[in-house]
Amino acid sequence: MELKLVDSKSLFLSNFELMKSSSFLDTKLRFGLTGTHKLCSCRGVVLKASHSSASYDAASSVSKENFILDEFSCQINGKNCSGLYLRDVRVLDASDDEYGGILINPQTLPSNPQIFASVLRESLSHWKMKGKKGVWLKLPVEKCDLVPIAVKEGFQYHHAERGYLMMTYWLPDDPCMLPSNASHQVGVGGFVINDKNEVLVVQEKHSAPALSGLWKIPTGFILESEEIFTGIVREVKEETGIDTEFVEVMAFRHAHNVAFEKSDLFFVCLLRPLSTRIMVDDLEIQAAKWMPLVKFVEQPLIQADSMFKKVIDICIARLGKRYCGLSVHQLVSTFDGKLSSLYFNSVEDSDSNCKAN
């Protein structure tokens, strides 16, 4: 142990030099002491203070580029002294996000729960002192034993996927401004009608008793990072074997508390068939067929339900060129430089599929 004694005028200079000293990161600590005007170096001095440290199972799990100013007291030749020193702060490997928050690197988390608890606590204190805001902690399945520790430190569940749990911590004392988990699921339905005025319909193997016997349009959910116009083509193909071309979004429904208290967006799409031979998906579909539009509309369950009936009325109006839906246009925004799909009515567009009167 090496002690560096300085007067008050030299204190900040010595502390600044300490921050640049590589020996501080190894086995030595240099201290600025009060109550002296001498400059000297002392080795082998026993301090009446305790200091504990822990070994890490992965060197990259902790960033060593952070220091805090701390106090200490000691006795030298029977005289009490006190001072300040720079202490290496154990901080989890992380990066800043664009909103003033912290993204903890899940790949370098300590696997030892006790070490994780200690370093997490010190990291939170350090980030709060630096004025950081939200902390995002992604815990892979293989490190699920760290979840109770994070909860004990004040982290909250945000969302979960098959391979991980995302947790958050809001550092400031003001109300949390972190975005909530995804609030909606997105469903699609395909209104596929051929040149014979027949609609492609299915009966599902698993449906509510109230819908027993109903012939309905193919439906499903959009996958992660999937477009609406490609998702509905995929769903129709999976359930019926029919290849189709997306034409327009005819209408969409917004409902709440549909599944696990989440909201639901359901897009009804007009599709043009590119094949005719039906091949049923045995896992989900009981039967599929081409059904005359008139018989499809006359089904009691369709006539009795205002939502079903209105959707069919819209589709029939579209076939009669009394209505135009929303066609898809892929554009790049200068705000994020990404390709996006914009759905809008394009009656004036010469390339539009819709020629409403």
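Let me begin at the surface, where Leu211, Leu301 and Phe308 together make a nonpolar patch of about 200 Å². Leucine 301 sits in helix 6, which covers residues 300-304, and because its relative accessibility is 31%, leucine 301 counts as partly exposed. Please keep in mind throughout that what we have on the screen is a predicted model.

Stepping back to the whole chain, the secondary structure comes to 7 helices and 20 strands, and of the 357 residues in the chain, 42% are buried. The chain exposes about 21500 Å², and carbon and sulfur atoms supply 54% of that area. If we take the contacts between residues at least 6 apart in sequence, 64% of them join residues that are at least 24 apart.

Now to the interior. The largest nonpolar core has 23 residues, and within this core Trp127 and Leu137 are the ones that touch the most other members. Several elements supply at least two residues each to this core, among them strand 9 (102-104), strand 10 (134-140), helix 3 (147-152) and strand 12 (164-170), while helix 2 gives the most, with 7 residues. Which residues does leucine 137 touch, if we leave out those up to four places away in sequence? The contacts of leucine 137 are Ile104, Leu109, Phe116, Ala150, Phe155, Leu165, Met166 and Met167. Apart from this core lies another one, of 21 residues, and its members include Ile193, Phe296, Ile312 and Cys315.

A word on one strand pair. Strand 14, residues 198-204, is mostly covered, with 5 of its 7 residues buried, and strand 14 pairs with strand 18, residues 285-292, in the antiparallel sense over 7 bridges. To give you one position to look for, valine 199 has methionine 291, in strand 18, as its bridge partner.

That brings me to the charged side chains, where a search of the whole structure finds 13 salt bridges. One of interest is the pair of glutamate 153 and arginine 121, whose side chains meet with a distance of 3.0 Å from N to O. This pair links distant parts of the chain, since glutamate 153 is in the loop between helix 3 and strand 11 (156-161) and arginine 121 is in helix 2, 32 residues apart. The two partners can be told apart by their cover: glutamate 153 has a relative accessible area of 17% and is therefore buried, whereas arginine 121, with a relative accessible area of 44%, is partly exposed.

Finally, there is a network of salt bridges that links Glu226, Arg234, Glu235 and Glu238. Within this network, arginine 234 forms a salt bridge with glutamate 235, the closest N and O atoms being 3.3 Å apart, and arginine 234 also forms one with glutamate 238, where the closest N and O atoms are 3.2 Å apart. Arginine 234 and glutamate 238 both lie in helix 4, residues 228-240, and they are 4 residues apart, about one turn of the helix. Is arginine 234 itself buried or exposed? With a relative accessible area of 18%, arginine 234 is buried, because the cut-off for buried is under 20%. Glutamate 235 also counts as buried, at 8% relative accessibility, but glutamate 238, at 39%, counts as partly exposed.

Terms used
Residues are numbered from 1 along each chain as its sequence is written. This is a predicted model: local features need pLDDT of at least 70, side-chain atom pairs count only at pLDDT 80 or more; totals for chains, interfaces and linings use all residues. Side-chain values use heavy atoms; hydrogens and water are left out. Patches are made of residues with over 30% relative accessible area and no salt bridge: like charges are joined within 9 Å, nonpolar side chains (Val, Leu, Ile, Met, Phe, Trp, Tyr) within 5 Å. Accessible areas come from the Shrake-Rupley method with a 1.4 Å probe; for residues, only the protein chains shown count as cover. A salt bridge is a side-chain nitrogen of Lys or Arg within 4 Å of a carboxyl oxygen of Asp or Glu. Buried means under 20% relative accessible area, exposed over 50%, partly exposed in between (1.4 Å probe, protein chains only). A nonpolar core is a set of buried Ala, Val, Leu, Ile, Met, Phe, Trp, Tyr and Cys residues joined through side-chain atoms within 4.5 Å. Contact means heavy atoms within 4.5 Å. Two strands pair if DSSP finds at least two bridges between them.
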